[in-house]
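Please look over the fold shown here, beginning with the way its strands are paired and moving on to what lies beneath the surface.

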Amino acid sequence: MFDKDNPVHKGMVLSLNDDDGNSVDYTLMDIIDYDGHTYVYFIRSDQVDQEEQELYITEYEETYQDIIFNSITNEVLLNELYDIFMEENGYTAEEYDDGLPEAYSDSDKYTAE
């Protein structure tokens, strides 16, 4: 899943670069394997202590050079992944909206610095 020499864990802050080279800090909220793929859940680090947060769900891909977080465009899959995250993190249906979580919208791929 991730580089064994550089373990990634919940709460870790990652600086991600978008396609334009802009660096943004995100806090890793969870890593979930589902249907043969690995998905990573982030929130912007500047939203950690805010009441409302945007949850970013990406598919994790590792190449020989880079770690890539791909956007998810399938709304059904995105809803399934959102529900899995909420259940695995102890939230009940009454505690969260049924709204669709945000996916990276500025770029199809973000890469780790």
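Tyr-26 in S2 has two partners of interest, since this residue stands opposite Arg-44 in S3 and is also the bridge partner of Leu-14. The model is a predicted one, in which local features need pLDDT of at least 70 and side-chain atom pairs count only at pLDDT 80 or more, whereas totals for chains, interfaces and linings use all residues. Residues are numbered from 1 along each chain as its sequence is written, and side-chain values rest on heavy atoms, with hydrogens and water left out.

**Strands and their pairing**

The protein has 1 helix and 6 strands, where helices (H or I, at least four residues) and strands (E, at least two) are DSSP runs numbered from the N terminus. Read from that end, the order of elements is β-β-β-β-β-α-β. Two strands are said to pair if DSSP finds at least two bridges between them, and the antiparallel pairs are set out below.

| Strand pair | Sense | Bridges |
|---|---|---|
| S1 and S2 | antiparallel | 5 bridges |
| S2 and S3 | antiparallel | 8 bridges |
| S3 and S4 | antiparallel | 4 bridges |
| S4 and S5 | antiparallel | 4 bridges |

Individual residues help to place these pairs in the model: Tyr-39 stands opposite Glu-59 in S4, while Glu-61 has Ile-68 in S5 as its bridge partner. S4 and S5 are joined by a hairpin through 4 residues. S2 and S3 also form a hairpin, with 2 residues between them. Asp-35, found in the loop between S2 and S3, has a positive phi of about 55 degrees although it is not a glycine. With a relative accessible area of 67%, Asp-35 is exposed, the classes being buried for under 20% relative accessible area, exposed for over 50% and partly exposed in between, with a 1.4 Å probe and protein chains only.

**From Arg-44 to Gln-47**

Arg-44, already met as the residue opposite Tyr-26, also takes part in a salt bridge, its side chain meeting that of Asp-46 at 3.3 Å, N to O. A salt bridge here is a side-chain nitrogen of Lys or Arg within 4 Å of a carboxyl oxygen of Asp or Glu, and by this rule the count comes to 1 salt bridge. Both partners are partly exposed, Arg-44 at 28% relative accessibility and Asp-46 with a relative accessible area of 48%.

Gln-47 lies in the loop between S3 and S4; is this residue buried or exposed? Its relative accessible area is 11%, so Gln-47 counts as buried. Leaving aside residues up to four places away in sequence, Gln-47 touches Gln-53 and Glu-54, a contact being heavy atoms within 4.5 Å.

**Helix H1 and the nonpolar cores**

The 14 residues of H1 should span 20 Å at 1.5 Å a residue, and the end C-alpha atoms are 20 Å apart, which agrees; the expected span is 1.5 Å times one less than the number of residues. Within H1, Leu-78, Leu-81, Tyr-82, Ile-84, Phe-85 and Met-86 are buried, and the cover over the buried residues of this helix includes S2, S3 and S4.

A nonpolar core is a set of buried Ala, Val, Leu, Ile, Met, Phe, Trp, Tyr and Cys residues joined through side-chain atoms within 4.5 Å. The largest such core has 13 residues, and those with the most contacts inside it are Tyr-41, Leu-55, Ile-57, Ile-72, Leu-81 and Phe-85. Strand S3 (37-44) and helix H1 (75-88) are the elements that give two or more residues to this core, and the largest share, 6 residues, comes from H1. Apart from this core lies another, of 12 residues, among them Met-12, Leu-16, Val-24 and Leu-28.

**The protein as a whole**

Of the 113 residues in the protein, 37% are buried. The protein exposes about 7200 Å², with carbon and sulfur atoms supplying 40% of it; accessible areas come from the Shrake-Rupley method with a 1.4 Å probe, and for residues only the protein chains shown count as cover. Among contacts with a separation of 6 or more, 45% are between residues 24 or more positions apart.
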